[in-house]
Amino acid sequence: MVREEQLLKRIQELETENEKLRTQLNRRTSGAVDGAAEQTRAKYADRILDTLPDMMTVWTNSGVITELISSEETNHVGVPSERFIGMNIRELLPEEAYRNVRANLDHVLETKRGSTGRHDLTVDGELRHYENRIWPLDRDKVLCMCRDITEAVRTQKAMNDANKRMKLIEQVVSLGYWFYYSETNEFYAPDILPVLLERESGADSVNADYYFEHFVHPDDREKARQLLHYNPELGEKDYIEFRIVTDDKVKYLRHRVLRESVEKGHRVVEGYVQDVTPIIERYHELEILKYAVNNASEEIFCCSLDGMFRFANRTFLSHHRITDDVAKYSLNDLKEGQYAPDGFEALVDRLRRNGGVLQNTCSYELPDGESITMESMVYLLDDSFSDQKVVWFFCRDVTERVRQGNELKELNRLMEAILDNIPVYLFVKDPNDEFRYLYWNQSFVKHSGIPASQVIGKTDFEIFPNPADAAHFQRDDLELLKRGELPPFEEEDSVVTGQKRIVNTVKMLVPVEERKLPLLMGISWDITERKVIETELLEAKVKAEQSDQLKTAFLANMSHEIRTPLNAIVGFAKILPEITDEMERASIINIIDTNSDQLLMLINDILDLSKIEAGTIEFVDIPANLTDLCQNIYCTLIEKTAPGVQLVFEGAFDNLVTLCDPGRLSQVIVNLITNAIKFTKEGFIRYGYRLREDRVEFYVAADTGLGIPEDKLSTIFTRFTKLNSFIAGTGLGLAICRMIVERQHGKIWAESKLGEGSIFRFNFPYRKC
């Protein structure tokens with residue numbers, strides 16, 4: 001409002017100034033002749049010429065000055081009259097002034113009539129404006145009257161400038177004059193009416209009734225009719241405001257009736273109108289903004305540089321329990337120092353050093369005891385109304401966000417701990433950035449021996465030393481992007497120790513909104529042990545199937561092995577009483593004894609195997625002389641060797657005594673030699689022992705035996721295994737030997753070539769007595 005009053009006052013001043021300038025101009029340009037009689041002119045001609053301010057000279061038609069008619073005081077060319085008489089005007093005037101004067105002279109000579117022109121001269125360093133009027137006197141001479149019109153030009157220029165300023169002000173403030181003529185019942189406002197009613201520029205008037213009916217808002221028509229009369233009771237600040245509607249657009253107008261006059265018996269009302277639509281709209285915007293600021297959940301307030309409050313919204317006032325005028329308080333008066341912990345002056349200094357912007361997060365306790373966390377944005381800004389700096393605070397309550405953020409951080413820590421400690425290898429790649437790694441958990445670090453710091457932000461080619469591995473990984477990644485999914489796959493990998501491990505890997509795509517391509521996540525877990533167990537189970541299954549087959553063969557063989565000696569014993573026992581010949585009876589008795597021994601050995605093998613497997617067999621370790629033990633075995637088995645076969649004991653020591661179970665040791669050696677006797681028809685069967693470091697190694701070698709196929713060497717020590725089903729035996733002897741040796745913490749093995757004989761070796765720890 002104040003600014004509008006100032007503008008209106010300035011307009012009135014400009015109007016007054018224009019009126020004065022117009023009067024001055026009329027005075028300077030009006031003629032000086034008053035219509036006196038010719039006698040008066042003749043009588044006072046010289047005195048009149050002397051009093052005229054114009055310089056009057058007589059020229060020849062070529063421009064040569066012949067006489068100065070006016071007084072010397074009117075001479076303004078800078079040359080005394082006695083000197084310029086006889087000079088051409090070309091010699092007196094500057095080039096541009098001469099061209100203007102000469103053009104006017106030529107026009108007079110051509111038309112034989114008087115003419116007026118203008119030219120400029122610099123007099124005493126000041127630019128002056130002159131009007132030259134030239135009349136023809138006779139055939140050879142002309143009269144030139146040169147008048148200084150500088151003040152008139154300046155007055156006209158000032159008036160034009162004032163008019164321009166007034167027009168500009170009217171345009172800026174959408175201001176215009178109007179007149180109401182009661183005679184025609186019309187409003188006349190050529191400057192503003194086309195703009196207000198959005199008509200063509202020629203529409204400079206409108207019927208009052210039509211205007212009120214078709215343009216004025218229905219609710220404002222009664223108020224608008226006050227324009228038709230001047231009310232002297234209205235003060236200078238009383239306006240008539242109403243709305244008009246054009247093309248469904250509402251405009252707000254502010255009128256003032258200035259005066260009312262009577263012309264030719266009819267009233268003429270004069271006033272001005274201003275389109276205040278932008279002001280009202282800005283006011284409404286300001287009200288909306290004020291409403292939004294006061295109802296915002298954030299604290300919004302402003303302080304001057306001395307810390308005094310200039311503004312505070314309702315949220316701030318409510319938080320701090322301020323009920324009176326906030327302008328009475330300073331920021332330093334608040335008990336809570338979170339806005340400026342080091343003082344307001346220090347805050348302003350920080351703002352200046354930081355480019356006028358600061359961000360801060362702090363926690364404090366409200367007067368009611370509630371603790372909140374505020375996030376503040378502080379700005380140092382210019383106040384255009386006071387030409388001073390002010391500090392604006394925008395503080396948001398982020399208590400809930402901080403709480404959720406802390407919970408999220410805790411959850412992230414928990415998830416990170418879980419992901420780092422689960423026994424799977426987890427990684428994440430970014431296909432948007434050349435498949436660079438974004439995550440690599442601790443299990444993967446332990447598995448690969450590569451720290452996460454050397455992986456994050458790098459590609460497979462930068463991490464893995466073998467380019468083929470990196471290329472393989474990249475092919476899988478590209479295939480996943482192309483197809484959208486991949487089935488789980490197994491692959492062999494080397495851990496940091498160099499050990500080969502088998503891992504099962506699943507790769508999947510994880511969509512992320514802010515990224516063009518989804519992230520790639522891979523999960524791998526070590527299945528080496530599972531594979532080993534699967535292999536062992538498979539081998540166990542095969543062995544079980546083989547064992548079942550062997551057991552079936554064993555039972556079939558047992559039926560034969562038991563029935564054969566038993567039939568011989570029973571059969572020969574029945575006929576023995578009938579035999580009278582002593583030699584024949586002795587032969588039958590020998591057959592019965594031999595078969596009884598075989599049957600007893602068979603039963604003993606079965607019982608020993610059962611005891612060993614059940615863990616009930618007992619080992620009694622006593623000092624034993626190994627050489628004596630081997631010689632006793634020699635004496636026992638020498639009679640059982642076939643003709644043409646030599647049994648040789650190769651004794652390396654006279655006396656070697658060790659702690660062992662001599663019975664079980666003899667059982668192993670006897671079984672090995674007995675097998676050698678079965679499969680050796682001629683040649684040598686050698687046996688003996690050696691001391692190798694801390695172990696005693698025995699051997700039984702049949703140099704001319706049948707030999708064992710190489711693919712059977714690993715199975716001959718299993719139960720029920722017989723390589724030749726036509727040779728008597730249960731297939732338990734070597735299995736019993738293996739079990740006895742292993743129970744003595746030893747090892748047994750065979751070396752053989754088919755057709756070249758075999759060597760059986762076993763060892764056990766040497767224990768001194």
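What follows is a chat between a visitor and a guide about a predicted model.

Visitor: How do you know that the model deserves some trust?

Guide: pLDDT is the predictor's confidence in each residue, from 0 to 100. The protein averages 81, and 84% of the residues score at least 70.

Visitor: Which residues have pLDDT under 50?

Guide: Residues 28–37 do, and the model has five contacts beyond four places in sequence for them. Where pLDDT is low, the predicted coordinates should not be read in detail.

Visitor: Why are β3 and β4 called paired strands?

Guide: Two strands pair if there are at least two bridges between them. Strand β3 (residues 115–123) and strand β4 (residues 126–136) have nine, in the antiparallel sense, so they count as a pair. Val 123 sits opposite Glu 126 in β4. The two strands make a hairpin with two residues between them, and Asp 124 in that turn has a positive phi of about 55°.

Visitor: What makes β8 and β9 edge strands?

Guide: Each of them pairs on one side only. They belong to an open sheet of six strands, in the order β8-β7-β6-β11-β10-β9, with antiparallel pairing. From one strand to the next, the twist averages 30°.

Visitor: How do you know that β9 pairs with β10?

Guide: Same test: at least two bridges are needed, and β9 and β10 (residues 249–263) share seven, so they pass. Across that pairing, Ile 244 faces Lys 251 in β10.

Visitor: What packs on this sheet?

Guide: Helix α10 (residues 277–295) does, touching β10 and β11 (266–275). Its direction makes about 135° with that of β10.

Visitor: What makes a group of residues a nonpolar core?

Guide: They must be buried residues of kinds such as Leu, Ile and Phe, joined through side-chain atoms within 4.5 Å. Buried means under 20% relative accessible area. The largest core here has 39 residues, and Leu 665, Ile 669, Ile 673, Phe 698 and Phe 762 touch the most other members. Since they are members, each of those five is therefore buried.

Visitor: Which element gives the largest share of this core?

Guide: That's α20, with seven residues. Among the other elements that give two or more are α19, β23 and β28.

Visitor: What does Phe 762 contact, leaving aside its neighbours within four places in sequence?

Guide: Its partners include Leu 665, Val 668, Ile 669, Phe 698 and Trp 749.

Visitor: How many residues are in the second core?

Guide: This separate core has 26, including Val 326, Leu 334, Phe 344 and Cys 395.

Conventions: Residues are numbered from 1 along each chain as its sequence is written. This is a predicted model: local features need pLDDT of at least 70, side-chain atom pairs count only at pLDDT 80 or more; totals for chains, interfaces and linings use all residues. Side-chain values use heavy atoms; hydrogens and water are left out. Helices (H or I, at least four residues) and strands (E, at least two) are DSSP runs, numbered from the N terminus. Axes are lines fitted to C-alpha atoms, for helices over the stretch in contact, and angles run from 0 to 180 degrees between N-to-C directions. Contact means heavy atoms within 4.5 Å. Buried means under 20% relative accessible area, exposed over 50%, partly exposed in between (1.4 Å probe, protein chains only).
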